[in-house]
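User: I would like to work through this model one question at a time, with each term explained when it comes up. Could we start from the packing of a single element and move outwards?

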Amino acid sequence: MSRRPVAVAASLLTVLALGTVSACSGNSSASSGGSGSTPTVKLMAGGLDKQIYLPYQLAQQLGFYKKYGVNVQLSTEQDGGVGAEEAMASGQVDMAGAWYNHTIEFQAKGKAVEDVVQLSGAPGEREMCTTKSGVTSGADLKGKTLGVTDLGSGTDTLTQFLAAKKGVKTSQYHRIGVGAGSTAIAALQNGKVDCVMTTQPTVAAIQKKGVGASAIDLATTAGATQAMGGAYPAASVIARTDWVNAHKDATQKVVDALVATMHWINTHSAADIANKLPASFVSNQLVTKADYISALTQDKGQFLPDGIMPAGGPKTSLATEQLVGNVKGSVDLSKTFTNDFAIQANKTEGFKTTTTPAGPNG
């Protein structure tokens, strides 16, 4: 797939070690750049060409970052390289296009990171398995070799959750990192794994090649609710709380652009969306443009229309982290996300919101 080089220049903000968890941005005074200046924000996504992360690039293609007064420099994490959330935490970039659950994991480690806009209410993932694997639920993962993007990634957490929910311990199956795209497909095709947790357009390519089929669907909000007991907030924008507090104006502009993008997605077809994205994203060695559009039509329901963290979402994510053992101590969910920026963005544009917002307790 097309990849952009990882942004490695340090943020203008001096890179500081993240200390004990502080209050979220909504409780701190506003801060912005110089008067009349256009702020520059570096945002790394966990795969710009993945359908689950398409809003970041789409906002650029639609001209929304420019429209709302912010220069967003997009980059994408590379297989085997530093993850987007880690690049953000270390100050290599200002924001990460990553899953919300990382904010919970960071807090458990004593680091203050928050979600400033929520783009999806489902992981957008599918457990793709070979026919001979016999997998139809988490209970069938026992004794299997399971592919995830990387060990410690969101797909790794989800895989462990699906098994744990059915009473299958991590010692009863094997997990390996297989990346996405061609490497994930090859792992299935060559018998290296029985299943792989992956997203579109890799899912469509696996189905087209006949090397696997969807065994467990976490691709839409409805599917995630059925499998996980509630909406699972995935794709989002997360940033260090100290950075957000010091750059509220820039943060608001980024959120304004992405909220406008979510409304655009909600009111346009999969074909319209595909036509706006870079050609290499929608037609490449994995999928044709028709395949891409078909896959997006099927899984478009993962995207939230207004950028608001849905009620119950943080609780579902925390329960997942606790069940797989990633988080063992107490977590203050109110410090892992804020709806303030998204609510203001919708209000500014006069957008009607339909997502019931999560309260302080998730």
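User: Against which elements do the buried residues of H6 pack?

Analyst: Helices (H or I, at least four residues) and strands (E, at least two) are DSSP runs that are numbered from the N terminus, and helix H6 is the run of residues 182-189. Its buried residues (buried means under 20% relative accessible area, exposed over 50%, and partly exposed in between, with a 1.4 Å probe and protein chains only) are Ala 184, Ile 185, Ala 187 and Leu 188. If contact is taken as heavy atoms within 4.5 Å, the elements against which the buried residues of H6 pack are E5, E8 and helix H7 (202-209).

User: What pLDDT do local features need in this predicted model?

Analyst: Residues are numbered from 1 along each chain as its sequence is written, and side-chain values use heavy atoms, with hydrogens and water left out. Because the model is predicted, side-chain atom pairs count only at pLDDT 80 or more, and totals for chains, interfaces and linings use all residues, while local features need a pLDDT of at least 70.

User: How wide is the arc covered by the buried residues around the axis of H6?

Analyst: The residues in question are Ala 184, Ile 185, Ala 187 and Leu 188, which are the buried ones in H6. They are on the same side of H6 because the arc that they cover around the axis, taken from the directions from the helix axis to the C-beta atoms, is only 155°.

User: At roughly what angle do the axes of H6 and H7 cross?

Analyst: Two packed helices are described by the angle between their axes and the distance between the axes. Here Ala 184, Ile 185 and Leu 188 in H6 meet Thr 202, Ala 205, Ile 206 and Lys 209 in H7, and H6 passes H7 in a right-handed crossing (the near helix is turned clockwise from the far one by less than a right angle; anticlockwise would be left-handed). Axes are lines fitted to C-alpha atoms, for helices over the stretch in contact, with angles from 0 to 180 degrees between N-to-C directions; those of H6 and H7 come within 10 Å and cross at roughly 35°.

User: Which residue in E8 is the bridge partner of Met 128?

Analyst: Strands of a sheet pair through backbone hydrogen bonds, either parallel or antiparallel, and two strands count as paired if DSSP finds at least two bridges between them. Strand E5 (residues 125-129) and strand E8 (residues 195-199) pair in the antiparallel sense over five bridges. Within this pairing, the partner of Met 128 in E8 is Val 196.

User: Which strands stand at the edges of the sheet that has the order E7-E6-E8-E5-E9?

Analyst: This is an open sheet of five strands with mixed pairing. A strand at the edge has a single partner strand, so one side of it is left without a neighbour in the sheet, and that applies to E7 (174-177) and E9 (213-218).

User: How many residues apart are Cys 129 and Cys 195?

Analyst: A disulfide is a covalent bond between the sulfur atoms of two cysteines, and here it is assigned to a pair of cysteine sulfur atoms within 2.5 Å. The structure holds one disulfide, which joins Cys 129 to Cys 195 with an S to S distance of 2.2 Å; both cysteines are buried. The torsion about its S-S bond is about 110°, so the disulfide is right-handed. It links distant parts of the chain, with Cys 129 in strand E5 and Cys 195 in strand E8, and their separation is 66 residues.

User: Which residue is joined to Gln 200 by a cis peptide bond?

Analyst: The bond has an omega of about 5°. The residue that Gln 200 is joined to lies in the loop between E8 and H7, and it is Pro 201.

User: In the sheet with the order E2-E1-E3-E10-E4, which residue in E3 stands opposite Ala 45?

Analyst: This open sheet also has five strands and mixed pairing. Strand E1 (residues 40-45) and strand E3 (residues 95-99) pair in the parallel sense over three bridges. Opposite Ala 45, the residue in E3 is Gly 97.

User: How far apart are the C-alpha atoms of Ala 250 and Thr 38?

Analyst: Ala 250 lies in helix H10 (residues 248-266) and is buried, with a relative accessible area of 5%. Leaving aside neighbours within four places in sequence, Ala 250 is in contact with Pro 39, Val 41 and Trp 243. Although Ala 250 and Thr 38 are 212 residues apart along the chain, their C-alpha atoms are separated by 8.5 Å.
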